[in-house]
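Me: I am new to reading protein models and would like a close look at one part of this one. Please take a single helix, go through it slowly, and then show what lies around it.

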Amino acid sequence: MDEGVEDLSLGRLLDEVGARTTAPGGGSVAGVVAALAGALAGMCARFSDSDQGDLALRADELRARAASLAQSDVVVYTAWVRAGRDGETGAAHDEIIRIPLDVAEVAAELAELAGGLARSGNPNLRGDAIVAVLIGSAAARAGAVLVCENLHEASSDPRRARAAAVVLAIRA
């Protein structure tokens with residue numbers, strides 16, 4: 001894939017994800033979903049009657065971070081597959097754990113932010129804020145699952161506990 005995930009049309013992204021290739025896969029999809037949660041949260045904050053400009057800016061920052069992580073997942077997963085062929089997966093393996101963990105943390109923060117907007121933002125956009133909560137929570141859970149799957153042989157690795165803690169902390 002020559003283009004960045006965020007540069008693809010929706011149809012092309014769906015084709016790329018559905019193709020018989022190793023990436024983009026679940027980590028990239030979780031990042032894209034988190035970015036969509038950020039976009040919805042930013043919109044909801046901008047339409048709020050009260051001063052929610054700081055929330056809109058934070059949603060935009062998190063959306064950009066999630067989009068970047070979606071692209072990074074493609075790069076690091078491809079590198080991990082290549083490293084596996086060479087028998088040297090150590091650093092690459094750490095990266096395929098770090099990226100979905102970062103996605104989980106960003107997505108969880110977006111779900112929290114959107115939850116606040118659902119409670120105190122523009123009531124006409126409550127549904128959109130709730131959708132942002134739901135998809136942000138789903139992206140956080142997806143990232144956490146990928147961390148655990150990538151650490152399936154290391155049950156005592158503290159990153160597994162960190163991934164679980166991210167998901168459990170969502171109060172949106």
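Reply: What follows is a walk along one helix, then its surroundings, then two side topics. Keep in mind that this is a predicted model.

The helix is α5, which runs over residues 126–150 and has 25 residues. From its first C-alpha to its last, α5 reaches 36 Å, close to the 36 Å expected at 1.5 Å a residue.

Which residues of α5 are buried? They are Ala129, Ala132, Val133, Gly136, Ser137, Ala139, Ala140, Gly143, Ala144 and Val147. These buried residues pack against three helices: α2 (26–46), α4 (90–120) and α6 (158–168). Cys148 is partly exposed, because its relative accessible area is 26%, and partly exposed covers the range between under 20% and over 50%.

Take α4 next, with one residue as an example. Ala118 lies in this helix. Its relative accessibility is 12%, so Ala118 counts as buried. Leaving aside residues up to four places away in sequence, Ala118 touches Arg126, Ala129 and Ile130. Ala129 is also one of the buried residues of α5. Another of those buried residues is Val133. Ala118 and Val133 are separated by 15 residues in sequence, and their C-alpha atoms are 8.4 Å apart in space.

Now α6. Its buried residues are Ala163, Val166 and Val167. They sit on the same side of α6, because they cover an arc of only 95 degrees around the axis. On the other side of α6, Pro158, Ala161 and Leu168 are exposed. The buried residues of α6 pack against α4 and α5.

Two side topics remain, starting with cysteines. A disulfide is a covalent bond between the sulfur atoms of two cysteines. How many disulfides does a search of the whole structure find? It finds zero. Cys44 has 3% relative accessibility and therefore counts as buried, whereas Cys148 is partly exposed.

The other topic is aromatic rings. A pair of aromatic rings is described by the distance of the centres and the angle of the planes. The count here comes to one aromatic pair. In that pair, the rings of Tyr77 and Trp80 have centres 5.4 Å apart and planes at 45 degrees, so the pair is tilted. Both residues lie in helix α3 (residues 53–86), three residues apart, which is about one turn of the helix. Tyr77 is partly exposed at 26% relative accessibility, and Trp80 is partly exposed with a relative accessible area of 24%.

Methods: Residues numbered from 1 in each chain as written. Predicted model: local features only at pLDDT ≥ 70, side-chain atom pairs only at ≥ 80, totals over all residues. Heavy atoms only, no water. Disulfide = S-S within 2.5 Å. Buried < 20%, exposed > 50% of the residue type's maximum accessible area, 1.4 Å probe, protein only. Helix = DSSP H or I, 4+ residues; strand = E, 2+ residues; numbered from the N terminus. Expected span 1.5 Å × (residues − 1). Contact = heavy atoms within 4.5 Å. Arc of directions from axis to C-beta. Phe/Tyr/Trp six-rings, centres within 6.5 Å; stacked < 30°, edge-to-face > 60°.
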